[in-house]
Amino acid sequence: MTEDGEQVIATTGLTKHYGQVHALTDLDIEVGPGVTGLVGANGAGKSTLIKILLGLLEPTSGRASVLGHDIATAGEEIRRVVGYMPEHDCLPPDVSASDFVVHMARMSGLGASAARERSADVLRHVGLDEERYRPMGGFSTGMKQRAKLAQALVHDPRLVFLDEPTNGLDPAARTDMLRLVRRIGADFGIAVLVTSHLLGELEQVSDHVVVLDAGHLLRSSATGDFLEQTGSLLVEVVGGTTERDRFGEALAAAGLPCRPRGTAVVIDPAPQLPVHDLVRDTAADLGLGLMRLQPDRHHLEDVFLQGPASAQQEVARG
Amino acid sequence: MAERTGVIHDLGYRRYDGPRDGTATIARTLYVTGLRHAFGLGRSGKSKILPFLLLGLCTLPAAIVVGVVTLISLDELPIGYASYTTQTQLLVSLFAAAQAPVLFSRDLRHRSIVLYLARPLPAPVFALTRWLSLTSALLVFTLLPQLVLYVGALLAGLDVSDQTTALLKAVALLLLTTTVVAGITGLISSVSLRRGFAIVGSIVALVVVPGVVTAVQAIAQAEGADDVGVAAGLASPWSLHSGLADAWDAGVTVFTPPSGGWVVAYLAVAVLVAAVTTAALVRRLMKVASR
């Protein structure tokens, strides 16, 4: 298990410009053990950040360290203990998954027999069984993603970068992959930096979420903080929109600021009023059945809605 | 517990605490794999056919020559070592053109290069190791028939020191020529990622251009403009090889042999082409890696 509190990734003022294009701007992030989600629209700088951390790209300015190694001076040491699953296709079609993963293990410095043993182990963990002996050209997208994941884990890294591992997967395969990502962080004890442009996915698997937007850090905090209570109350009554509206109007008349959301009514906090009592009494007066009464929570999506207007436009364009 | 756990997860994850190889050992593993792949070993059965067919065709004449020398007791080989390479240069060219894409196009086309470069081996070491695999494959391909000739000549009782000197001259020339040929075909394969284009490009560089050079040299000799022919010889790896072999008295004759300063120029161009193409290969791989 990676020790708690250990810093896995740290960047200071990390910047990458391609001519006029600013891929990353003055990025300061810290990533600890467990699963960290890196969220951003396409083109937000997620893949660029991973490539810089792997030493495949040189930053324009700024510094970064991975597992205590400086990316500027210790790229080789970093790549020895880090696994990488790229977003794009990267598998030769005429080689079997088994042969390929063994070869990749050897390229990470494992001896011949250790490479074979670890490949068999890891391919089983990612769920490639008999298919492993077939050429990968005939693999489905789900199987290819598993083979890509296997080569990233085969040398038992301390950290893996998973770039869009659920890309192109159907819902069932997506759930499987997310469960696997969760297991890598929790059971295998390997720190994970996983990117996605789908916020909902990362809500499920990450301990921590870093949100990038057009190369800027929008927010970085524990997943729980993103989902913290907003202070509002979510109330739902039995019936359809008619009942909802009758209920909402009565609440408003009682002095509670509220608005509809879906089939529910969101009541904004009104500290001077006994909110729960008013809700109960209003429902009783109207003869409506109360179905749900719960604190409202943030969603990861809200981070983007709260972002600066210019940033939102970037996301829309990206 | 009512919850069913998957069979495949039963053993749990095992960590690896064993030894890990250093960069040199990883590079050696990559080199050996590359060399094997150049001959189709460790790949599909189909991919072994062409390299071994060409190797057979290239070695067969040497075996026949040895048979003839032994049967009718000649006092010298009817064909010299360096001259043998000149005679079989078409086969060597085809081998280089067909197998360079195996080592250089595949990783780039399927983008598995990214997986290599995300591992300890630095990009320049990777590129140089690949190039070394191709150079070695070409050396094996060209040296095998020479060794057959050499062993046959010794068994037929020809003079050991004469044969050894001639062989060593041929080997020295081959060391230079194979680095040039590997650099050219490797670079072409790393730029044109489609195997067909890479093969055609290499054939143009190794078969068509030398053909044109030989024609120019023949015309230059007939017209008495030897310098034109000598200068034309700088344009292809095979004319460099033949020209240097002629100048070095290694049993090859060309229409317009280089002499004096031209020999230095031939040598310099060969070394320069090998160095420049190899450097370009390294740059090419590093550029692809950063994308």
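This is a short walk through a predicted model of two chains, A and B. The route goes from the sheet of chain A to the interface, and then to a helix residue in chain B.

Start with the sheet in chain A. Six strands form an open sheet with mixed pairing. Read across, the order is β6-β7-β8-β3-β9-β10. At the edges sit β6 (82-85) and β10 of chain A, each of which pairs on one side only. From one strand to the next, the twist averages 15°. Strands of a sheet pair through backbone hydrogen bonds, and the pairing can be parallel or antiparallel.

Look next at the β10 edge. Strands β9(A) and β10(A) run antiparallel, and 6 bridges join them. One position to find on screen is A:L212, whose bridge partner in β10(A) is A:L217. Between β9 (208-213) and β10 (216-222) of chain A comes a loop, and A:A214 lies in that loop. This alanine has a positive phi, near 50°, although A:A214 is not a glycine. A:A214 has a relative accessible area of 22%. Buried would require under 20%, so with its 22% A:A214 counts as partly exposed.

Now turn to the helices on the sheet. Helix α5(A) lies across β6 and β7 of chain A. The direction of α5(A) is at about 165° to β6(A). Helix α6 of chain A, residues 171-186, also packs on the sheet. The strands touched by α6 are β3 (35-39), β6, β7 and β8 (191-196) of chain A. Its direction makes about 150° with that of β8(A).

Follow chain A out of α5. The loop between α5 (141-153) and β7 (159-162) holds A:D156. Here again is a positive phi in a residue that is not a glycine, this time about 50°. Is A:D156 buried or exposed? The relative accessibility of A:D156 is 5%, so this aspartate counts as buried. Its side chain has a partner in the other chain: A:D156 and B:R15 meet in a salt bridge, with N to O at 2.8 Å.

That salt bridge leads to the interface. In total, 3 salt bridges are counted between chain B and chain A. Polar contacts across the interface come to 22 residue pairs, with both residues at pLDDT 80 or more. On the chain B side, α1 (23-38), α5 (113-117) and α11 (261-290) each supply at least two residues that touch chain A. The largest share, 5 residues, comes from α1(B). The whole contact takes 33 residues from chain B and 43 residues from chain A. About 3700 Å² is buried between the two chains. Carbon and sulfur atoms give 52% of that area.

Finish inside chain B. Helix α2 of chain B covers residues 46-72, and B:T59 is part of that helix. The relative accessible area of B:T59 is 13%, so this threonine is buried. What does the side chain of B:T59 reach? The side chain reaches the backbone oxygen of B:L55, at 2.6 Å. Which residues does B:T59 contact, leaving aside its neighbours within four places in sequence? They are B:Y84, B:L144, B:P145 and B:V148.

How values were computed. Residues numbered from 1 in each chain as written. Chains lettered and ligands numbered in written order. Predicted model: local features only at pLDDT ≥ 70, side-chain atom pairs only at ≥ 80, totals over all residues. Heavy atoms only, no water. Helix = DSSP H or I, 4+ residues; strand = E, 2+ residues; numbered from the N terminus. Buried < 20%, exposed > 50% of the residue type's maximum accessible area, 1.4 Å probe, protein only. Pairing = 2+ DSSP bridges. Axes fitted to C-alpha atoms, helices over the stretch in contact; angles between N-to-C directions. Contact = heavy atoms within 4.5 Å. Polar contact = N/O pair within 3.5 Å; in protein donor to acceptor, adjacent residues only side chain to side chain. Buried area = accessible area lost by both parts, 1.4 Å probe. Salt bridge = Lys/Arg side-chain N within 4 Å of Asp/Glu carboxyl O.
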